[in-house]
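Here is a friendly walk through one chain, from a helix to a strand and on to the charged pairs and the cysteines. Please keep the sequence and the 3D view open as you read.

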Amino acid sequence: MSGIETFSAPSSAEAISSAWLAAFVSDLSSPSFTLKHSFTDDSYWRDLLAFTPDFRTLHALPKIQQFFSAPVAAARPSRFRLLPGVRNRRIGPTTTFIQGIIQFHTVIAQCTGVFTLTQSEDSSWKAWSFVTMMDQLSGVVDRFGAHTPLCRPPEWNTTMEYTAVVVGAGQCGLSVAARLENLGISTLVLERSGAIGNSWRSRYESLETNTPRAFNHLPFVTFPEGREKYVPCGDVADYLENYQRTLGLHVLTLACISAASYNASSSTWTLSISVSGRASITVTARHLIGATGVGTMGGALPFMPSIPGKNSFLGSIIHSSKYRSSCVSTQKVVVVGAGCSAHDIAQDAANLGCQTVLVQRSPTAVVSRQTMDRFLTGYIGQDALPTEIADRFYVALPLSTVQNSQYDPMETHAHIDQDLREDLSRHGYLLPGPKDNFLHRLSIRRGGYYIDRGCAKLITSGKITVKSGHEISHFSPSGLVFDDGSRVAADLVIFATGYSKTTIKQVAESLFGPQVADTVHNLGGWDSDCELAGIWRPTGHNGLWFAEGDLFSARFYSRFLALQIMAREMELLSPDQRTYIPC
């Protein structure tokens, strides 16, 4: 993630970057493959398919040199070019980086690299971070623009053949389908609900994106202009529906897979698809992509903790996934949880005149939208860049730098929210320590944070009461009893406690059956490179993929999933699929 203050680069930054690029190319050409003239000892190199057919992040110069020596020699990178737009970036009062983008070619693809240079003790500038990514396979022409819509109208038959089948027509499923069709790969999308966008429409009415409209476009089709900086959930749903119509993507609604089998000798899936109101359909495909929102909305079963005495409670108990504004005609509402949904619901209830209590069971990292905007300077304001360029700068620092680095981007913005945090703390709100900050929770932990859209002010003004530091002991007829004996009265208790069954192995079993799930590793967590295991990348089962994440992830990472599938269709991988075979 980005999050480093940006300021205009002096003219010398271009010269420094050009000199670094010359040193880097010279290092790559060295017979012994040394990067000591262009990389720091503590550097990071993340590769997204440019040199390896997977996502890899290596840390420390000896490991980088050992790992990339053979892939770089095989790829034979050439035609290096520094792109305009080099910029200086600052963390804290003294640490300055220079960032820019280079373009180059390998024997199979056109690629880009985002470099982050730091000044060494000897005053030379070297790469502290380098992120390389494949942009386009050689000889493959994008169809978008010349062919819009991308697909001809579908002909629904009881037996059909596609190259790829995507399960789930949310932001990830539609983005993957669009990327694949753009490469000429026929794709069918299955959606279990009756309409595209229902995963957004089915949530509480006040839900909106936590990031600005300009950050949330999907591939090829931008969000329409609107008055709101942050997009309401209904508008997101409408956008997804229009996205499918504009691109002509083949989507079958009210459809789910009733049986799935894989023939290893022919590398083919055979899928039996149940469709409400129609005869069942048999589809064959070489690639199957699960995009049901694992780890995001709609991708798991609502979790409600087991608390004694529920049957004695005279009020109502619901999960946050079932919350609507119409639920709170009652006067005493308790929201259990302290993530984004919990705060949104508590804010909604308080604004509707309810006596509202937020039960915070553990510390929550809170940032204002003003701070969040500082992480997204490439997308908004006077310095906004084209989305494709902004995306590359946004991922310029691998996630492992958030875990390991002495540099903390949050320190640069800490002053913005200092008063907010102090006010919340005075009202009993639990905040984590400085090392367990918002950026760490957003990027690594992927939970336990809140981007404030007004709930903090309701807490500090007393309109929402925070109950923290104690666990719920049991229900009473009139509300909740805590482990210190204190009580909170309630007519309605809403558990904003997340979802269960979020591992890929469990989702694979629910979607495709136990036989397929048995071949899938329990993916979805972080691997040793600090990359998400099996998400947007190989899963361990040939022809089986998973996609998940927010609107940014859908836009950015769908490109790489489509390129991985295209590389396999072009037979560009070795038999063990660990290296590329030159065209």
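**A covered helix**

Let us begin with helix H6 (residues 340-351), whose 12 residues should span 16 Å at 1.5 Å a residue; its end C-alpha atoms are 16 Å apart, so the two values agree. The expected span here is 1.5 Å times one less than the number of residues in the helix. Helices (H or I, at least four residues) and strands (E, at least two) are DSSP runs, numbered from the N terminus.

Before going further, a word on the source: this is a predicted model, in which local features need pLDDT of at least 70 and side-chain atom pairs count only at pLDDT 80 or more, while totals for chains, interfaces and linings use all residues. Residues are numbered from 1 along each chain as its sequence is written, and side-chain values use heavy atoms, with hydrogens and water left out.

How much of H6 is covered? Of its 12 residues, 10 are buried, so the helix is mostly covered (buried means under 20% relative accessible area, exposed over 50%, partly exposed in between, with a 1.4 Å probe and protein chains only). Among the buried residues of H6 are Cys-340, His-343, Asp-344, Gln-347 and Asp-348, along with Ala-342 and Ile-345. After H6 comes Gly-353, which has a positive phi near 95 degrees.

**Strand S2 and its neighbours**

Strand S2 is largely enclosed by the rest of the structure, because 8 of its 10 residues are buried. Two strands count as paired if DSSP finds at least two bridges between them. S2 runs parallel to strand S8 (residues 125-137), with 6 bridges joining them, and Asp-47 has Thr-132 as its bridge partner in S8. With S3, S2 pairs in the antiparallel sense over 5 bridges; there, Leu-48 stands opposite Phe-55. The hairpin of S2 and S3 has 6 residues between the strands, and Leu-49 takes a positive phi near 80 degrees in it.

Arg-46 is a good residue to look at in S2. Is Arg-46 buried or exposed? With a relative accessibility of 6%, Arg-46 counts as buried. Its side chain joins that of Glu-531 in a polar contact of 2.7 Å (a pair of N or O atoms within 3.5 Å; within protein, one must be able to donate a hydrogen and the other to accept it, and residues adjacent in sequence count only if both atoms are side-chain atoms). Leaving aside residues up to four places away in sequence, Arg-46 touches several others, including Arg-56, Thr-57, Phe-130, Val-131, Thr-132 and Tyr-557; contact means heavy atoms within 4.5 Å.

**Charged pairs**

Side chains of opposite charge can pair when their charged atoms come close. A salt bridge is a side-chain nitrogen of Lys or Arg within 4 Å of a carboxyl oxygen of Asp or Glu, and by this rule the count comes to 18. Three of them are set out here.

| Salt bridge | Closest N to O |
|---|---|
| Arg-537 and Asp-54 | 2.8 Å |
| Asp-238 and Arg-201 | 3.4 Å |
| Glu-208 and Arg-369 | 2.8 Å |

The pair of Arg-537 and Asp-54 links distant parts of the chain, 483 residues apart: Arg-537 is in the loop between helix H15 (514-517) and strand S31 (544-546), and Asp-54 is in the loop between strand S2 (39-48) and strand S3 (55-59). Arg-537 counts as buried at 6% relative accessibility, whereas Asp-54 is partly exposed at 21%.

Asp-238 and Arg-201 meet in a salt bridge of 3.4 Å. Asp-238 lies in helix H5 (residues 233-247) and Arg-201 in helix H4 (residues 198-201), so this pair ties together parts that are 37 residues apart in sequence. Asp-238 is partly exposed at 40% relative accessibility, and Arg-201 is partly exposed at 31%.

Glu-208 forms its salt bridge with Arg-369. This pair joins strand S12 (residues 208-212) to helix H7 (residues 369-374), across 161 residues of sequence. Both Glu-208 and Arg-369 are buried. Elsewhere, Asp-135, Glu-388, Arg-392 and Arg-559 form one network through salt bridges that share partners.

**Cysteines without bonds**

How many disulfides does the structure hold? There are 0 disulfides (pairs of cysteine sulfur atoms within 2.5 Å). The sulfur of Cys-327 is too far for a bond, because the closest cysteine sulfur, in Cys-354, is 10 Å away. Cys-327 is partly exposed, with a relative accessible area of 27%. Cys-455 is also in no disulfide, and its nearest cysteine sulfur, that of Cys-340, is 11 Å away. Cys-455 counts as buried at 0% relative accessibility.
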